[in-house]
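Hi there,

I promised to pass this protein on to you, so here it is. Have a look through it when you get a moment, and then read on for my notes.

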Amino acid sequence: MATIEDANDLVDSVLRHFKEPGFNNIPSHPYGKEHIFDREEYYQSYLKKFAIPVTQIGWGRSFIIEHEGKIKAHLDINNRLTLHQASLGMGLEMELRGHKLGPKLLDYGLQWIKNNTQVDEMNLFVFAHNLPAIKIYERAGFKLVGETKNRFQVDGHNIDDLTMKLAIVR
């Protein structure tokens, strides 16, 4: 699990990942090539989420994989509205893709949720063309519950977005 001390490196990894191409060179994030990120804003949002106990609404936790001394993959779990639901986002920098680390990171995060929170439902959004990610989520038990056609237009691509949910069983 990432700590407050990891926040700088975590933000750097996330921002590097946002700039990389997604599956089949179609974007994997709703940010175009020209999007300018406010690094300090991202950093402060991580610090704020990490500081909130999981017994209060608004907490967030991140799980990371380091490679050659740098964070190269992250799983972010955020609780925004109620204590029984949380949302999930995951990203692996290109050099770590295809090494079966995504499922391990996801399994670790979901196990942590079971053991440490009141969350009984996980939600996520994934682009419909991101077949490797969808397979990882389905293997973990996530079910498709919705689709939004053309939710995003990124660098000339119309992108459909899927909503998936997982019941946390204890």
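Below is what turned up, going from the overall fold to a pocket and then to a few single residues.

Please keep in mind that this is a predicted model.

**Overall fold**

The secondary structure is made up of 4 helices and 6 strands. If you walk along the sequence, they come in the order α-α-β-β-β-α-β-α-β-β. The C-alpha trace spans about 40 × 35 × 30 Å along its principal axes. How does the radius of gyration fit a compact globule? For 170 residues such a globule would have a value near 15 Å, and the protein has 15 Å, so the two agree.

Of the 170 residues, 45% count as buried. The accessible surface amounts to about 9400 Å², and carbon and sulfur atoms hold 51% of it. As for contacts with a separation of 6 or more, 61% of them are between residues 24 or more positions apart.

**The second largest pocket**

This pocket may interest you, with its volume of about 190 Å³. Its lining has 14 residues, and the closest to its centre are Glu20, Pro21, Pro27, Lys33 and Asp155. By type, the lining residues divide into 4 nonpolar, 6 polar and 4 charged.

Asp155, one of those closest to the pocket centre, deserves a second look. This residue is in the loop between β5 (143-154) and β6 (157-167). Is Asp155 buried, partly exposed or exposed? Its relative accessible area is 37%, which lies between the limits of 20% and 50%, so Asp155 is partly exposed. The backbone has something to show here too: phi of Asp155 is positive, at about 45°, although the residue is not a glycine. As background, most residues other than glycine have a negative phi.

**Lys100, another positive phi**

Lys100 also has a positive phi without being a glycine, with a value near 65°. Its place is the loop between β3 (85-92) and α3 (101-116). With a relative accessible area of 66%, Lys100 is over the 50% limit and therefore counts as exposed. Its C-alpha atom is 9.3 Å from that of Ile136, and these two residues are 36 apart along the chain.

**Lys165, in a strand**

Lys165 belongs to strand β6. Its relative accessibility is 28%, so Lys165 counts as partly exposed. Which residues does Lys165 contact, leaving aside neighbours within four places in sequence? They are Gln85, Glu121, Met122, Asn123, Gly141, Phe142, Lys143 and Val145. Leu144 is 21 residues away from Lys165 along the chain, and their C-alpha atoms are separated by 6.6 Å.

**Ser13, in a helix**

Ser13 sits in helix α1 (residues 7-19). Why does Ser13 count as buried? Its relative accessible area is 1%, and buried means under 20%, so Ser13 qualifies. Not counting residues up to four places away in sequence, Ser13 touches Ile71, Lys72, Ala73 and Glu93. Met164 is 151 residues from Ser13 along the chain, and the C-alpha atoms of the two are 25 Å apart.

If you would like a place to begin, you could pull up Asp155, where the pocket and a positive phi come together in one residue.

Best wishes

Note on methods
Residues numbered from 1 in each chain as written. Predicted model: local features only at pLDDT ≥ 70, side-chain atom pairs only at ≥ 80, totals over all residues. Heavy atoms only, no water. 1 Å grid on protein atoms, 1.4 Å probe; cavity = no way out; pocket = protein on both sides within 12 Å on 5 of 7 lines; lining within 4 Å. Points joined across faces, edges and corners; volume = space filled by probe spheres on them. Nonpolar A, V, L, I, M, F, W, Y, C, P; charged D, E, K, R; others polar. Helix = DSSP H or I, 4+ residues; strand = E, 2+ residues; numbered from the N terminus. Rg over C-alpha atoms; globule rule 2.2 N^0.38 Å. Buried < 20%, exposed > 50% of the residue type's maximum accessible area, 1.4 Å probe, protein only. Contact = heavy atoms within 4.5 Å. Areas by Shrake-Rupley, 256 points an atom, 1.4 Å probe, with all protein chains shown as cover.
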